[in-house]
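I wanted some notes on this one before doing anything else with it. Charged pairs come up here, then a sheet, then one odd distance.

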Amino acid sequence: MATIFCDTDCELWYTHANELNLQVIQMPYVIDGEEKMCDLGENTDIKGFYAKMREGASASTAGLNQQIYYDIFKPFFEKGDDILYIAFSSNLSGTFAYLDLAIAELKKEYPNVKYRKFDTLNICMGAGLLVYMGAKYCREHGDDIDATCDYLDSLVNKVGIYFVVDDMKYLARGGRISPAKAKIGNLMNIKPVLTVVDGKLDVCSKQNGVKKAYKFMLETFKETYDDIDGAPVTIVDADNEEASREFAEKIKEIAPNATVWQQPVGPVIGAHAGPGTLGVIFTKK
């Protein structure tokens with residue numbers, strides 16, 4: 001049986017990770033000076049996290065070092081099973097440089113173990129959707145990790161991810177935009193609709209107000225959605241449950257046969273997006 005890894009930056013809800021017997025690499029976040037590990041929602045106080053952010057607490061994220069990666073993967077190299085890591089975008093973090101060093105060391109110690117890493121070129125449930133689809137495919141096709149990577153290659157450019165943040169100051173704190181742009185955007189009530197292109201965050205539209213931003217995302221979904229292998233449509237929100245429910249109902253009107261998941265944005269992604277964020281992830285034409 002192949003061992004399939006994912007990380008908590010993929011945001012796949014823990015119940016689905018458990019269902020597919022995934023090994024989950026927990027990524028760290030810091031809130032109010034206290035470091036914690038994200039666990040795909042199993043025990044994390046997500047509402048409490050956003051409550052602290054709304055009260056002004058500082059939130060940040062970090063990567064893992066070489067030794068941590070070595071310790072995580074070594075038991076599975078020792079077992080000798082094939083290993084597949086379906087990871088969030090390498091263009092969004094420097095943590096994979098340390099992963100590569102750890103894996104190179106392990107390959108020297110265990111040269112007969114097959115290890116593959118697939119870069120989803122995405123984040124949040126944009127990566128999680130590929131983790132879910134890839135793991136399902138792998139389990140249904142004899143745990144063939146090479147065939148699974150080929151399958152994921154066919155899907156990687158067919159993931160639509162669109163989200164809008166409520167307050168751009170959090171993007172500025174994370175270095176995604178300048179503080180001046182964030183301040184001007186908030187004053188003018190400009191709501192950028194963000195997406196991921198080639199593994200990096202990008203602005204695909206700027207709308208005047210959140211209602212127009214949501215409308216843009218719904219129209220984009222209607223124009224581009226494609227049901228590929230029964231992939232779910234996921235609505236994610238950062239302590240924005242009412243808007244999420246309303247958005248999900250409209251998605252169901254557009255695509256009544258789609259499986260629609262709703263779930264919160266976890267602390268690692270939420271530290272950069274901030275409370276009030278709403279997003280939609282789906283397979284597209």
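**Salt bridges**

I started with the charged side chains and found Lys47, Arg54, Asp239 and Glu241 linked in a network of salt bridges. Worth jotting down before I go further: this is a predicted model. My total for the chain came to nine salt bridges.

From the network I picked the Asp239 and Arg54 pair, whose side chains meet in a salt bridge at 3.1 Å, N to O. I looked up where the two sit: Asp239 is in the loop between strand 11 (233–237) and helix 10 (241–254), while Arg54 belongs to helix 2 (residues 46–54), so this pair ties together parts that are 185 residues apart in sequence. Then I checked accessibility. Asp239 is partly exposed, at a relative accessible area of 25%. Arg54 is also listed as partly exposed, with 46%.

Next I went to Asp166 and Lys191, a salt bridge at 3.9 Å, N to O. That value stays inside the 4 Å cut-off for a salt bridge. The pair links distant parts of the chain, with Asp166 in the loop between strand 8 (159–164) and helix 7 (169–173) and Lys191 in strand 9 (residues 190–197), 25 residues apart. Which end is buried? I asked this of Lys191 and got 8% relative accessibility, so it counts as buried, the limit being under 20%. Asp166 is partly exposed, at 40%.

I also noted Lys79 with Asp81, a salt bridge whose closest N and O atoms are 3.6 Å apart. Lys79 is exposed, with a relative accessible area of 55%. Asp81 comes out at 23%, which makes it partly exposed.

**The open sheet**

I moved on to the strands. How are the four strands of the open sheet ordered? They run 2-1-6-7, and the pairing is parallel. Strand 2 (23–25) and strand 7 are at the edges with a single partner strand each, so one side of each has no neighbour in the sheet. For the twist I got an average of 20° from one strand to the next.

I then zoomed in on the pairing of strand 6 (residues 83–87) with strand 7 (residues 115–119): the two are parallel and joined by five bridges. For individual partners, I looked up Ile86, which is bridged to Phe118 in strand 7. Ala87 has Asp119 as its bridge partner, again in strand 7. A reminder to myself for reading that stretch: in a regular strand, side chains alternate between the two faces of the sheet.

How does the chain get from strand 6 to strand 7? It passes through helix 4 (residues 95–109), and I logged the handedness of this β-α-β crossover as right-handed. I also checked what packs on this part and found helix 6 (residues 145–155) lying across strand 6 and strand 7. The angle of helix 6 to strand 7 is about 10°.

**A last lookup**

I finished with Ala273, which is placed in helix 11 (residues 267–273). Is Ala273 buried or exposed? Its relative accessible area is 6%, so I put it down as buried. I also took the C-alpha distance from Ala273 to Gly230 and got 28 Å, for two residues 43 apart along the chain.

Technical notes: Residues numbered from 1 in each chain as written. Predicted model: local features only at pLDDT ≥ 70, side-chain atom pairs only at ≥ 80, totals over all residues. Heavy atoms only, no water. Buried < 20%, exposed > 50% of the residue type's maximum accessible area, 1.4 Å probe, protein only. Pairing = 2+ DSSP bridges. Right-handed = clockwise from strand over helix to strand, strands pointing away. Axes fitted to C-alpha atoms, helices over the stretch in contact; angles between N-to-C directions. Contact = heavy atoms within 4.5 Å.
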